[in-house]
Amino acid sequence: MFQYAAGRSLAMTHGCRLKLDISGFDRYAIHNGYELGLFNVKAEIASMEEVRRLVGTSPRIARFLRKRIGIGKASYHLEKGFSFDRQFFDQTPPLYLDGYWQSWKYFEPYASQIREEFTLSKPLDGTNSELAKQIGRVESVSIHVRRGDYVANPLLSRVHGFVGVEYYKKAVRRIYDAVSCPWFFVFSDDMAWVKSHLGLVDNVTFVDHNSGTASYEDMRLMSLCRHHIIANSSFSWWAAWLGHQADQLVFFPGNWFATAEHDTSSLCPTEWLRVTQ
């Protein structure tokens, strides 16, 4: 979603079309693969011929050559680092963008358009429709707890890692300090852990019926909440950003990664609130 939003923003800046290289999903075994088709996105799928015309080779080899010896086609633009690149909008199409582009600043000029394109095509129904009504009736607060692969997958555990129970307890206390009669809607891939560790008893709804190919419904429900306590995860980041409301509170973990090697200062909007773990 970050990649689409950044690319779409640059395309709108220059008045050109956006095409997506989804060839990487051929070997992608995490989550549900390519799912942007669930939204009302404005992009076509690029052919491998179009990709090679801009990159000169495969993106994987181009990335290696640019990182190791600094060579590559001018039309291949590799992300310089995790923080916002102020020269991003100086790039001139035709162009192949390679990176994560995880900063709201890449699409800030077109925020309303991006939010519109990230609306889901399928309408709410059944249990999700009833939950949406409940969310709208109360001072709703979404809590996203991602453990699953952050705990079980050794690589993801080293890179991201679980943010820890103290982060959530601190954020919940700050919600109680600032919000009158909050009602918490909890989303997690480890609900048993949540129920035994977070200590939420009153005014709480545990949402655990959306899974597999229906997991995107959790993002939609989270986005409908008034306030948010997000995980170090782009899933709840986007739920909070898409559900922007006036005077909303969004709490995010101070340590987005397990190590301090990345500059995350431009990851979250300035009005969001950092909570130290």
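This is a short conversation about reading a helix, some salt bridges and a pocket in a predicted model.

Biologist: Let's start with helix 5. What should its twelve residues span?

Modeller: At 1.5 Å a residue, helix 5 (residues 126–137) should span 16 Å, and its end C-alpha atoms are 17 Å apart, which agrees.

Biologist: Which residues of helix 5 are buried, and what do they pack against?

Modeller: Buried here means under 20% relative accessible area. In helix 5 that describes Asn128, Ser129, Leu131, Ala132, Gln134 and Ile135. Their packing partners are strand 5 (139–145), strand 6 (182–188), strand 7 (204–207) and helix 10 (216–223).

Biologist: Which residue forms a salt bridge with Glu130?

Modeller: That is Lys133, with the closest N and O atoms 3.5 Å apart. Both lie in helix 5, three residues apart, about one turn of the helix.

Biologist: And what does the salt bridge between Arg17 and Glu44 tie together?

Modeller: Their closest N and O atoms are 3.0 Å apart. Arg17 sits in the loop between helix 1 (2–14) and strand 1 (19–20), and Glu44 in strand 2 (residues 44–45), so the pair ties together parts that are 27 residues apart in sequence. Arg17, Lys19, Glu44 and Glu50 are linked in a network of salt bridges.

Biologist: Now for empty space. How much lies in the second largest pocket?

Modeller: Rolling a probe the size of a water molecule over the atoms shows where empty space is left. The second largest pocket holds about 180 Å³. Its lining divides into seven nonpolar, three polar and two charged residues, and helix 10 gives the most to that lining, with four residues.

Conventions: Residues numbered from 1 in each chain as written. Predicted model: local features only at pLDDT ≥ 70, side-chain atom pairs only at ≥ 80, totals over all residues. Heavy atoms only, no water. Helix = DSSP H or I, 4+ residues; strand = E, 2+ residues; numbered from the N terminus. Expected span 1.5 Å × (residues − 1). Buried < 20%, exposed > 50% of the residue type's maximum accessible area, 1.4 Å probe, protein only. Contact = heavy atoms within 4.5 Å. 1 Å grid on protein atoms, 1.4 Å probe; cavity = no way out; pocket = protein on both sides within 12 Å on 5 of 7 lines; lining within 4 Å. Points joined across faces, edges and corners; volume = space filled by probe spheres on them. Nonpolar A, V, L, I, M, F, W, Y, C, P; charged D, E, K, R; others polar. Salt bridge = Lys/Arg side-chain N within 4 Å of Asp/Glu carboxyl O.
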